[in-house]
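Q: Hey, got a minute to go through this structure with me? I'd like to start with the pockets.

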Amino acid sequence: MTTALWRDTWATVMGGFVPGLAELERTVHVAAEAAAGGPPRRVLDLGGGPGVLAERMARRWPAAEVTLLDIDPVLLAMARAGVPANVTVVEADLTAQPWPLPGAYDLITAVMTVHYLTSAQAADAYAAAWRALAPGGVLIVADLMPEDGLPGLMGALEPGPEEAAAELAWAEWWANLEGLEALLHERALTFRDKSPAEFVASAGWHAAAARRAGFAEAGVVWRCGRHAALAAVRT
Ligand SMILES: C[S@@+](CC[C@H](N)C(=O)[O-])C[C@H]1O[C@@H](n2cnc3c(N)ncnc32)[C@H](O)[C@@H]1O
């Protein structure tokens, strides 16, 4: 399989995890343009993986400088091979701060990235994102983010059968990669001491973490079942 096909199938796998992903991306685009009063000029995608979402932002905003930050050597190689010229790919650990980036971003996105962190690391990431944004810039964090309330009773914390199917598709995607043994070995070492990608917090937790980090406004701008996107604006 080619890098282009791996990136295409990645998009399908992520679509299985995040029902309504296309709608989420539209929400990100509209929120960023509203905050910037037009196309954002500087965009940072945290945990951007193989760069599928970064590529779509870069094509929507061709004059923007888009930076993708990730730690995974396999996904970084795919990103470097596939993204357009206005995307810069940076290898860095978002839990190691300060980030090796110039800052002053109009938009920072973290889509399905924060669940790789611990709650303390997620709180620190909100603070680092606040520092990295330009005044008026917007942060969008999208992840498994159940509603507050009585999640046990509402079934909001119970994964549905589609989630098991998405997990299987994820495992198959990784198992079917060919010719990347060295990068896969490097990946295993990179994630050896990382926490399992299991952090889940409610939308209320995320909004409170954003406010503690300095964001004056933070609230859910998109929801599809157990998944939601929180937008936080740096004033
Ligand atoms: C489920 S993937 C989502 C990728 C991309 N945002 C998307 O939606 O297609 C999570 C990404 O977060 C990255 N990631 C996890 N922990 C990280 C860390 N500490 N620093 C940087 N990236 C990290 C992973 O390598 C992976 O690319």
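Q: What kinds of residues make up the lining of the largest pocket, nonpolar, polar or charged?
A: It's a mix: 25 nonpolar, nine polar and 11 charged residues. Keep in mind that this is a predicted model.

Q: Which residues lie nearest the centre of that pocket?
A: Those are Met112, Thr113, His115, Tyr116 and Trp170, out of a lining of 45 residues.

Q: And what's its volume?
A: The largest pocket comes to about 820 Å³.

Q: Which helices and strands help line it?
A: Several give at least two residues each to the lining of the largest pocket: the helices α1, α3 (52–60), α7 (161–175) and α8 (181–191), plus the strands β2 and β5 (133–144).

Q: OK, new topic. Where is the ligand?
A: Right there: the space it takes is the largest pocket.

Q: How many residues surround the ligand, and which are closest?
A: There are 20 around it, and the closest are Trp10, Gly47, Asp70, Asp93 and Val111.

Q: What are those shell residues like, in terms of nonpolar, polar and charged?
A: The shell around the ligand has 12 nonpolar, five polar and three charged residues. Both α1 (3–17) and β2 (65–70) supply at least two residues of that shell.

Q: What does the side chain of Asp70 do with the ligand's oxygen?
A: An N or O atom in the Asp70 side chain sits 2.6 Å from an oxygen atom of the ligand.

Q: What about the ligand's nitrogen atoms, which backbone atoms are they close to?
A: A polar backbone atom of Val111 is 2.8 Å from a ligand nitrogen. For Leu94, a backbone N or O atom is 2.9 Å from a nitrogen atom of the ligand.

Q: How much of the ligand does the protein bury?
A: The protein buries 97% of the 590 Å² that the ligand exposes when taken alone.

Q: Let's switch to cavities. How many are there of 30 Å³ or more?
A: The count comes to two. The largest cavity holds about 80 Å³ of space, and the second largest has a volume of about 70 Å³.

Q: Which residues line the largest cavity?
A: The lining is Leu46, Leu94, Ala110, Val114, Ala122, Ala125, Tyr126, Ala129, Leu139 and Val141. Two elements, α5 (119–132) and β5, give two or more residues each, and α5 has the largest share with four.

Q: Are those residues polar or nonpolar?
A: The lining of the largest cavity has 10 nonpolar residues, with no polar and no charged ones.

Q: And the second cavity, what lines that?
A: Its lining residues are Leu24, Glu25, Val28, His29, Asp45, Leu53, Met57, Thr109 and Val111. Two or more residues each come from α2 (21–36), α3 and β4 (105–111), with α2 giving the largest share, four residues.

Q: How does that lining divide up?
A: The second largest cavity is lined by five nonpolar, two polar and two charged residues.

Q: Last topic: the backbone. Which peptide bond is cis?
A: The one from Gln97 to Pro98, with omega near 5 degrees. Pro98 is in the loop between β3 (87–91) and β4.

Q: And what's up with the phi of Ala104?
A: Ala104 isn't a glycine, but its phi is positive, about 60 degrees. Ala104 also lies in the loop between β3 and β4.

Q: Why point those two out?
A: Because most residues other than glycine have a negative phi, and most peptide bonds are trans.

Technical notes. Residues numbered from 1 in each chain as written. Heavy atoms only, no water. Near = heavy atom within 4 Å. Polar contact = N/O pair within 3.5 Å; in protein donor to acceptor, adjacent residues only side chain to side chain. Areas by Shrake-Rupley, 256 points an atom, 1.4 Å probe, with all protein chains shown as cover. 1 Å grid on protein atoms, 1.4 Å probe; cavity = no way out; pocket = protein on both sides within 12 Å on 5 of 7 lines; lining within 4 Å. Sits in = over half its atoms within 2 Å of the grid points. Nonpolar A, V, L, I, M, F, W, Y, C, P; charged D, E, K, R; others polar. Points joined across faces, edges and corners; volume = space filled by probe spheres on them.
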